[in-house]
Amino acid sequence: MNGNGHIGGGHIGDSRVPGSEVPIHGSLGAPILLGGEPRGLAIVNGTLAAAIGLGLQQWIAGLVIWALGHSIAVFAARRDPAFAPVLIRHLRQRSYFAC
């Protein structure tokens, strides 16, 4: 016990244990982006554009679909990097919250 009747040197209500806090790197909490858009959406967008451009031999249409999809995804990711999971959750639970 110390002089004020408490065990240890902390203040009343200070429940932190010395040495128990570890700094977390910022990249562990940041979303994974490819070219500014969420990784999963970038893969789907690129696959769809490649299928149209290479599979159907519509090069210009594939490039236009890729450019539009990428631009829209980057715009949305700048506003909210987690927009893709939120959109999926919204589409899945749409009828649950209907009035």
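Start by selecting Asn 45 in this predicted model. Asn 45 is buried, with a relative accessible area of 9%; that places Asn 45 among the buried residues because the cut-off is under 20%. You will find Asn 45 in helix 1. Show its side chain and follow it to the backbone oxygen of Trp 66, which it reaches at 3.4 Å. Setting aside residues up to four places away in sequence, Asn 45 touches Glu 37, Ile 65, Trp 66, Gly 69 and His 70.

**Step back to the whole chain**

Now colour the chain by secondary structure. There are three helices and two strands, and along the sequence they come in the order β-β-α-α-α. The chain has 99 residues, of which 14% count as buried. If you draw the contacts between residues at least 6 apart in sequence, 45% of them join residues at least 24 apart.

**Helix 1**

Select residues 39-55, which make up helix 1. Its 17 residues reach 23 Å from the first C-alpha to the last, close to the expected 24 Å. Which residues of helix 1 are buried? They are Ala 42, Asn 45, Ala 49, Ile 52 and Gly 53. Turn the view to look down the axis of helix 1: these buried residues fall within an arc of 110°, so they line one face of the helix.

Rotate to the face turned away from that buried side, and you meet the exposed residues Val 44, Thr 47, Leu 54 and Gly 55. To see what covers the buried residues of helix 1, show strand 1 (33-34), strand 2 (37-38) and helix 2 (59-79), which are among the elements involved. Before leaving, click on Gln 57, just after helix 1, where phi is positive at about 55°.

**Glu 37**

Next, select Glu 37 in strand 2. Glu 37 is buried and has no salt bridge. Where is the nearest side chain of opposite charge? It belongs to Arg 39, 12 Å away. What Glu 37 does have is a polar contact of 2.6 Å between its side chain and that of His 70. Display its surroundings too: leaving out neighbours within four places in sequence, Glu 37 is in contact with Ile 32, Ala 42, Asn 45, Gly 69, His 70, Ala 73, Val 74 and Ala 77.

**Helix 2**

His 70 leads you on to helix 2, where it is one of the buried residues. Helix 2 has 21 residues and reaches 31 Å from its first C-alpha to its last, close to the expected 30 Å. Highlight its buried residues: Gly 62, His 70, Ala 73, Val 74 and Ala 77. They cover an arc of only 100° around the axis, so they sit on the same side of helix 2.

Flip to the other side of helix 2 and you find Ile 60, Leu 68, Ile 72, Phe 75 and Arg 79 exposed. The cover over the buried residues of helix 2 includes strand 1, strand 2, helix 1 and helix 3 (83-92), so add those to your view.

**Last stop: Ser 71**

Finish at Ser 71, also in helix 2. At 44% relative accessibility, Ser 71 is partly exposed. Its side chain reaches the backbone oxygen of Ala 67 at 2.8 Å. Then use your distance tool on Ser 71 and Gly 36: they are 35 residues apart in sequence, and their C-alpha atoms are 9.2 Å apart in space.

Note on methods:
Residues are numbered from 1 along each chain as its sequence is written. This is a predicted model: local features need pLDDT of at least 70, side-chain atom pairs count only at pLDDT 80 or more; totals for chains, interfaces and linings use all residues. Side-chain values use heavy atoms; hydrogens and water are left out. Helices (H or I, at least four residues) and strands (E, at least two) are DSSP runs, numbered from the N terminus. The expected span of a helix is 1.5 Å times one less than its number of residues. Buried means under 20% relative accessible area, exposed over 50%, partly exposed in between (1.4 Å probe, protein chains only). The arc is that of the directions from the helix axis to the C-beta atoms. Contact means heavy atoms within 4.5 Å. Lys and Arg count as positive and Asp and Glu as negative; His and the chain ends are not counted. A salt bridge is a side-chain nitrogen of Lys or Arg within 4 Å of a carboxyl oxygen of Asp or Glu. A polar contact is a pair of N or O atoms within 3.5 Å; within protein, one must be able to donate a hydrogen and the other to accept it, and residues adjacent in sequence count only if both atoms are side-chain atoms.
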